[in-house]
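Subject: Structure for your review

Hello,

Please find the structure below, followed by notes on what was found in it.

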Amino acid sequence: MRMAGFDPGSVSPSGAVYQALSGTVGMNKGNVIAVFDVPMIGEETKRRIDVLGLVDLIQNYGVTHATVELVNAMPSIPDAFGNRRGMGATSAFKFGAAFGDLRTTVRLCGFEPHFVVPRVWKKWYGLIGSDKEQSRMLAIELFPQIAGDLQRKKDEGRGEAALLARYGAFISGQTK
């Protein structure tokens, strides 16, 4: 089984491909063979997922399954001090469009993606809260062969994609 994991991310979506050893899907029965930023097209302010480029990546890596982090936009609401957090309308729209592009591209490659909310897959790994740095460090620990692709703090999306792919492979093996 070749499982792709996708972190839709608000800045640059990331992906990873996990190769589970044939017939032995489990916690340590496979390896990440690639991490990547999802290909994007367009000018800086109008960037969007390069759907055809992503199809090529999925097909070239022989992906047969996919796990996509199920995300939602965060509304821009004031806190008790009047400060706003979350996304503006334009950012939320772009984020949703990127998620939809990932979902549709995977489906058009011939298989149904598995969706998982961050709380579920992070609990499975014992990760606490929303600190993405923890995810990047765990990915480096579990997959030292891709540590070079996870050196920068901004590579956290790649790390989360690798963890999502491994999680998806394990869950898929458990349900069959």
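**Strands β1 and β6**

In β6, Thr67 is the residue that Gly5 stands opposite. The model is a predicted one. Strands β1 and β6 run parallel and are joined by 4 bridges. Gly5 also stands opposite Ala16 in β2. The pairing of β1 with β2 (residues 14-20) is antiparallel and extends over 6 bridges. Strand β1 covers residues 2-7, and 5 of its 6 residues are buried, which leaves the strand mostly covered.

**Thr64, just before β6**

Thr64 sits in the loop that runs between α1 (51-60) and β6 (65-69). Is Thr64 buried or exposed? Thr64 counts as partly exposed because its relative accessibility is 37%, a value between the 20% and 50% cut-offs. Its side chain makes a polar contact of 2.8 Å with the side chain of His65. Leaving out neighbours within four places in sequence, Thr64 is in contact with Met1, Arg2 and Phe111. The C-alpha atoms of Thr64 and Glu112 are 9.6 Å apart in space, while the two residues are 48 apart in sequence.

**Glu69, in β6**

Glu69 belongs to strand β6. Which side chain of opposite charge is nearest to Glu69, and how far away is it? Lys132 is the nearest, at 4.9 Å, and Glu69 is buried with no salt bridge. The cut-off for a salt bridge is 4 Å. Glu69 does have a side-chain polar contact with Trp121, at 3.0 Å. Not counting residues up to four places away in sequence, Glu69 touches Phe6, Asp7, Pro8, Phe99, Val116, Pro118, Trp121, Glu160 and Leu164. Among these, Glu160 takes part in a salt bridge with Lys122, described next.

**Salt bridges**

The count of salt bridges comes to 9. Several are set out here.

- Lys122 and Glu160: the side chains meet at 3.2 Å, N to O. Lys122 is in helix α3 (residues 118-125) and Glu160 in helix α5 (residues 156-175), so this pair ties together parts that are 38 residues apart in sequence. Lys122 counts as buried because its relative accessibility is 7%. Glu160 also counts as buried, with a relative accessibility of 0%.
- Lys153 and Glu133: the closest N and O atoms are 3.9 Å apart. Lys153 lies in the loop between α4 (132-142) and α5, and Glu133 in helix α4, so the pair ties together parts that are 20 residues apart in sequence. Lys153 counts as exposed because its relative accessibility is 60%.
- Asp37, Arg152, Asp155 and Arg158: salt bridges that share partners join these residues into one network.
- Glu112 and Arg107: the closest N and O atoms are 2.8 Å apart in this salt bridge. Glu112 counts as exposed because its relative accessibility is 54%. Arg107, at 42%, counts as partly exposed.

**Recap**

Gly5 in short: opposite Thr67 in β6 and opposite Ala16 in β2. Of the acidic residues described above, Glu69 is buried without a salt bridge, while Glu160 is buried and has a salt bridge with Lys122. Glu112 is exposed and has a salt bridge with Arg107.

Regards

Definitions and conventions. Residues numbered from 1 in each chain as written. Predicted model: local features only at pLDDT ≥ 70, side-chain atom pairs only at ≥ 80, totals over all residues. Heavy atoms only, no water. Helix = DSSP H or I, 4+ residues; strand = E, 2+ residues; numbered from the N terminus. Buried < 20%, exposed > 50% of the residue type's maximum accessible area, 1.4 Å probe, protein only. Contact = heavy atoms within 4.5 Å. Polar contact = N/O pair within 3.5 Å; in protein donor to acceptor, adjacent residues only side chain to side chain. Pairing = 2+ DSSP bridges. Lys, Arg positive; Asp, Glu negative; His and termini not counted.
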